[in-house]
Amino acid sequence: MNKSSKLYIAGHTGMVGSALMRKFTAEGFTNIITKTREELDLRNQQAVTHFFQTEKPEYVIIAAAKVGGILANNTYRAEFLYDNLMIQSNIIHASASSGVEKLIFLGSSCIYPRDCPQPIKEEYLLTGPLEQTNEPYAIAKIAGIKLCENYYKQYGCNFYSVMPTNLYGPNDNFDLETSHVLPALIRKFHEAKVNNAELVDKSTLSPVEVWGTGTPRREFLYVDDLADALFFLLSEVEARDIYEQRITHLNIGTGEDITIKELAEMIKEIIGFKGEIIYDSTKPDGTSRKLLDVSRINGLGWRSKIDLEEGIKKTYEWFLKYQ
Ligand code: GDP
């Protein structure tokens with residue numbers, strides 16, 4: 001790969017795709033192809049095939065997906081399954097047919113069994129039942145991993161998958177109904193702080209409501225760290241490096257997790273909210289812990305650089321500017 005290689009970033013307007021655009025542009029890449037949702041519906045096989053045959057990208061990163069937090073995953077179950085199966089199958093198949101040199105497919109840590117030993121190693125895939133709240137999304141992503149693996153096994157395609165942990169950062173979804181926990185809490189603490197500042201009677205400060213019990217543990221990776229990892233992998237790591245280790249994909253994370261309660265307290269502190277936190281146990285907790293074992297990617301020479309506090313501060317700055 002060199003700086004004029006033709007790289008297609010699928011999903012370039014999303015949180016991950018826009019971080020990839022920042023990274024590859026900063027690295028001097030001059031031939032990045034993008035298509036908006038209006039220009040190319042990735043669920044449409046004919047349109048995707050035509051795009052690949054015409055553009056003939058050399059490198060592909062699939063950051064396009066239907067994504068959302070626990071409530072969205074649990075509500076739009078058919079859409080999460082159908083849209084993701086279509087998007088990834090169309091891109092992977094068209095990439096194989098049009099001779100793409102290397103492809104990286106992005107999944108997420110929810111592909112692992114609900115009650116996995118922690119930290120989660122790559123080989124725990126398909127060793128037990130999935131968490132119910134995001135099973136459709138997870139099934140689609142597992143199918144994507146298997147497509148890459150089997151296009152490698154049958155046709156020798158240089159395609160593989162990576163599973164990032166929970167991501168956050170600029171361009172995240174801050175909608176309270178459909179977002180993940182970290183952006184949701186940034187919005188909730190910020191809005192409560194603004195509302196409370198306007199109150200004359202300070203004894204009636206509104207609290208912030210956190211879903212579930214606060215006890216689940218999650219690992220969070222700043223999205224620019226993920227873009228850095230993908231740049232490293234696309235430049236240095238081939239499909240055979242993964243499959244020869246008898247695994248199907250690589251984990252990407254920080255290797256550290258915290259409870260939702262600790263996360264809420266950290267965000268409260270950064271935003272400077274002075275009221276109380278209350279826990280709404282009528283909302284689901286989801287899986288109790290999700291911490292990835294990142295020793296494989298660390299062993300290949302990559303580790304995360306942006307710590308959680310710094311990442312939340314950067315994300316809050318972005319939120320204040322653009323939301
Ligand atoms: P998950 O990692 O797939 O479970 O997705 P989320 O990021 O949506 O949720 C992670 C955890 O944070 C779950 O235990 C949620 O119940 C909890 N949580 C607490 N407050 C919120 C909130 O305001 N929004 C979301 N999405 N989750 C929250």
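Student: How many residues of strand β4 (residues 102-106) are buried?
Tutor: This is a predicted model, in which local features need pLDDT of at least 70 and side-chain atom pairs count only at pLDDT 80 or more, whereas totals for chains, interfaces and linings use all residues. Residues are numbered from 1 along each chain as its sequence is written, and side-chain values use heavy atoms, with hydrogens and water left out. Strands are DSSP runs of E, at least two residues long and numbered from the N terminus, and buried means under 20% relative accessible area, with exposed over 50% and partly exposed in between (1.4 Å probe, protein chains only). Strand β4 is mostly covered, the count of its buried residues being five of five.

Student: Which residues of β4 point the other way from Lys102, Ile104 and Leu106?
Tutor: The side chains of β4 are split between two directions, with Lys102, Ile104 and Leu106 pointing one way. Both groups are buried, and the residues that point the other way are Leu103 and Phe105.

Student: Which residue of β5 stands opposite Leu106?
Tutor: Two strands pair if DSSP finds at least two bridges between them, and β4 pairs in the parallel sense with β3 (residues 59-62) over four bridges, where Val60 has Leu103 as its bridge partner. Strand β4 is also joined by four bridges to β5 (residues 159-164), again running parallel. In that second pairing, the residue standing opposite Leu106 is Val162.

Student: Which residue in β13 is the bridge partner of Arg218?
Tutor: A three-strand open sheet has the order β11-β8-β13 with mixed pairing, and its edge strands, each pairing on one side only, are β11 (258-259) and β13 (289-290). Two bridges join β8 (residues 217-218) to β13, and these strands run parallel. The bridge partner of Arg218 in β13 is Lys290.

Student: What volume does the largest cavity have?
Tutor: A cavity is a set of points, on a 1 Å grid over the protein atoms alone, where a 1.4 Å probe fits but cannot get out. By this rule there is one cavity of 30 Å³ or more. A volume here is the space filled by probe spheres set on the points, which are joined across faces, edges and corners, and for the largest cavity the volume is about 60 Å³.

Student: How many charged residues are in the lining of the largest cavity?
Tutor: Lining residues have an atom within 4 Å of a point, and the largest cavity has 13 of them, with Ser109, Tyr112, Pro113, Thr287 and Lys290 nearest its centre. In the class scheme, Asp, Glu, Lys and Arg count as charged, Ala, Val, Leu, Ile, Met, Phe, Trp, Tyr, Cys and Pro as nonpolar, and the others, Gly among them, as polar. The lining holds five nonpolar and four polar residues, and the number of charged residues is four.

Student: What is the angle between the ring planes of Phe51 and Phe52?
Tutor: Rings of Phe, Tyr and Trp (its six-membered ring) pair if their centres lie within 6.5 Å, with planes under 30 degrees apart counted as stacked, over 60 as edge-to-face and the rest as tilted. Among the 15 aromatic pairs found in the whole structure, Phe51 and Phe52 form an edge-to-face pair with 5.3 Å from centre to centre. Phe51 is buried at a relative accessible area of 6%, as is Phe52 at 0%, and the angle between their planes is 85°.

Student: Which residues do ring pairs link into a cluster with Phe174?
Tutor: Here several rings are connected through pairs, and Phe174 is one of the members. The other residues that ring pairs link into this cluster are Tyr316, Trp318, Phe319 and Tyr322.

Key:
On a 1 Å grid over the protein atoms alone, a cavity is a set of points where a 1.4 Å probe fits but cannot get out, and a pocket is an open set with protein on both sides within 12 Å along at least five of seven lines; lining residues have an atom within 4 Å of a point.
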